[in-house]
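Student: I would like to practise reading a model by asking why each label is used. Could you set the values beside the cut-offs for me?

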Amino acid sequence: MAKKGRVFSGIRPTGRAHLGNYLGAIQNYVALQDEYDCVYCIVDIHALTTVEDTVNLKQNTYEMALDLLAAGIRPEETILFVQSHVPQVMELHTLLSMVTPLGKLTDLPTFKEKARQQPHNVNYGLVGYPVLMTADIVLYKTDIVPVGIDQAPHIEFAREVVRSFNYRYNTKVLIEPDMKNTEVPKVLGIDGKEKMSKSLDNHIELALTPEETRQRVMMMVTDPQRMKRTDPGNPDICNVFSLHKIFTPKEDVDMINTECRRAGIGCVDCKKRFAENLNKALEPFRAKRAELASRPDQVVAILEDGARRARLIAEKTMAEVREAVQLP
Ligand code: TRP
């Protein structure tokens with residue numbers, strides 16, 4: 001079947017993926033493979049803008065690759081690769097930087113936030129983060145970029161850079177990408193308040209053992225207004241219930257919904273059931289992940305093959321770009 005166009009997305013090598021990564025991004029990456037020609041990149045160079053100690057960079061990149069493959073990324077059709085394995089992206093980044101006004105970069109909310117978080121390390125690469133991201137996207141002539149809503153300013157920025165580049169060099173080689181929001185609804189952490197994230201340590205990793213998962217789930221904050229077991233609860237404001245809706249069979253969800261409201265089921269019980277259902281849902285993922293992890297050479301070979309296929313596309317685009325810029 002002919003595919004509808006090309007999808008590209010980058011994912012930072014933060015180590016093992018958690019439930020928020022899965023529901024917010026990875027699940028969509030997997031689904032998009034049915035309709036689009038997909039390119040997924042683990043962005044190790046972007047990681048260097050915030051990570052100073054790189055001892056874990058290789059391992060984190062490998063763990064992320066395992067999670068993506070175990071979740072259903074199909075490396076025979078989809079290109080899965082590591083950003084630094086295709087150095088053309090850094091060349092394109094430099095050329096795009098010449099049509100990027102500095103003030104636009106320093107005005108971006110994402111930059112300001114990072115500069116606030118790491119005032120001792122406001123490096124040049126951090127300012128250029130969105131330019132490198134633009135290079136990632138346009139190097140593969142991408143039509144659609146699936147990302148969370150927090151990345152929307154970066155996609156808008158990429159579109160502007162593409163227009164400036166094409167205008168300055170009187171060319172059409174670069175394509176303006178469209179964004180596809182992958183993040184509905186937002187997944188909260190076990191605190192029930194903040195978005196799930198590793199840095200807040202409120203996350204549940206997909207690759208935990210069933211027992212570790214159960215322990216994490218039992219720490220989850222439920223309806224904050226329900227104080228005693230005999231108080232009726234409100235599933236509408238309970239983070240555990242919102243996850244039940246994703247991982248628990250429909251009849252059980254209906255039962256929990258009714259029983260919680262009349263204090264027929266307590267939060268401890270409700271969380272135990274959730275842990276069981278979550279573990280059950282993650283079983284195939286975990287089996288596949290363990291199988292892949294037992295053959296690390298094969299995973300390395302998959303990433304190498306992905307990089308080789310990515311370089312073919314990248315080199316073709318770069319030949320056009322160098323020509324458009326009239327590099328001697
Ligand atoms: N900035 C993205 C993030 O933080 C990661 C990323 C890098 C990306 N390059 C990309 C996403 C290209 C989409 C397309 O999640």
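Student: Why is K141 called partly exposed?

Tutor: In this predicted model, K141 has a relative accessible area of 23%. Buried means under 20% and exposed means over 50%, with partly exposed in between, so K141, at 23%, counts as partly exposed. K141 sits in the loop between α8 and β4, and its phi is near 50°, a positive value in a residue other than glycine.

Student: What makes Q326 count as exposed?

Tutor: The relative accessibility of Q326 is 67%, and because exposed means over 50%, Q326 counts as exposed. Q326 lies in the segment after α14 (296–325), and phi of Q326 is near 60°, which is again a positive value in a residue other than glycine.

Student: Which residues are closest to the ligand?

Tutor: The ligand is surrounded by 13 residues, and the closest are R12, Y129, M133, D136 and Q151.

Student: How do you know that the side chain of D136 makes a polar contact with the ligand?

Tutor: A polar side-chain atom of D136 lies 2.8 Å from a nitrogen atom of the ligand, and a polar contact is a pair of N or O atoms within 3.5 Å, so this pair qualifies. The side chain of Q151 has an N or O atom 2.9 Å from a nitrogen atom of the ligand, while for R12 the distance from an N or O atom of the side chain to an oxygen atom of the ligand is 3.1 Å. Both of these values also lie within 3.5 Å, so they count as polar contacts too. On its own the ligand has 360 Å² of accessible area, of which the protein covers 93%.

Student: Which elements give two or more residues to the shell around the ligand?

Tutor: They are β1 (6–11), α8 (129–139) and β4 (144–147), and α8 provides the largest share, with four residues. By type, the shell divides into seven nonpolar, four polar and two charged residues.

Student: Is Q151 buried or exposed?

Tutor: Q151 counts as buried, because its relative accessibility is 14% and the limit for buried is under 20%. Q151 is found in the loop between β4 and α9 (152–168), and the side chain of Q151 makes a polar contact with the side chain of H154 at 2.8 Å. Along the chain Q151 and P130 are 21 residues apart, and their C-alpha atoms are separated by 9.7 Å.

Student: What makes Q83 a buried residue?

Tutor: The relative accessible area of Q83 is 1%, and since buried means under 20%, Q83 is buried. The place of Q83 is in the loop between β3 (79–82) and α4 (88–97). The side chain of Q83 makes a polar contact, at 3.0 Å, with the side chain of D136, and D136 is one of the residues closest to the ligand. Leaving aside neighbours within four places in sequence, the residues in contact with Q83 include C41, I42, V89 and L132.

Student: Why does Q118 count as buried?

Tutor: At 9% relative accessibility, Q118 falls under 20% and therefore counts as buried. Q118 lies in the loop between α6 (109–117) and α7 (124–127), where a polar atom of its side chain is 3.1 Å from the backbone oxygen of T49.

Student: How many disulfides are found in the whole structure?

Tutor: The search finds zero disulfides. C238 is in no disulfide, and the nearest cysteine sulfur, that of C270, is 6.0 Å away.

Student: Why is the sulfur of C260 not counted as bonded to that of C267?

Tutor: The two sulfur atoms are 6.3 Å apart, and a disulfide needs a pair of cysteine sulfur atoms within 2.5 Å, so the distance is too far for a bond. C260 counts as buried because its relative accessibility is 12%, and C238 counts as buried because its value is 11%; both lie under 20%.

Student: Which residues of helix α11 are buried?

Tutor: In α11 (residues 239–247), the buried residues are N239, V240, F241, L243, H244 and F247, and they pack against α1 (19–32), α12 (250–261) and α13 (267–293).

Technical notes
Residues numbered from 1 in each chain as written. Predicted model: local features only at pLDDT ≥ 70, side-chain atom pairs only at ≥ 80, totals over all residues. Heavy atoms only, no water. Near = heavy atom within 4 Å. Polar contact = N/O pair within 3.5 Å; in protein donor to acceptor, adjacent residues only side chain to side chain. Areas by Shrake-Rupley, 256 points an atom, 1.4 Å probe, with all protein chains shown as cover. Nonpolar A, V, L, I, M, F, W, Y, C, P; charged D, E, K, R; others polar. Buried < 20%, exposed > 50% of the residue type's maximum accessible area, 1.4 Å probe, protein only. Contact = heavy atoms within 4.5 Å.
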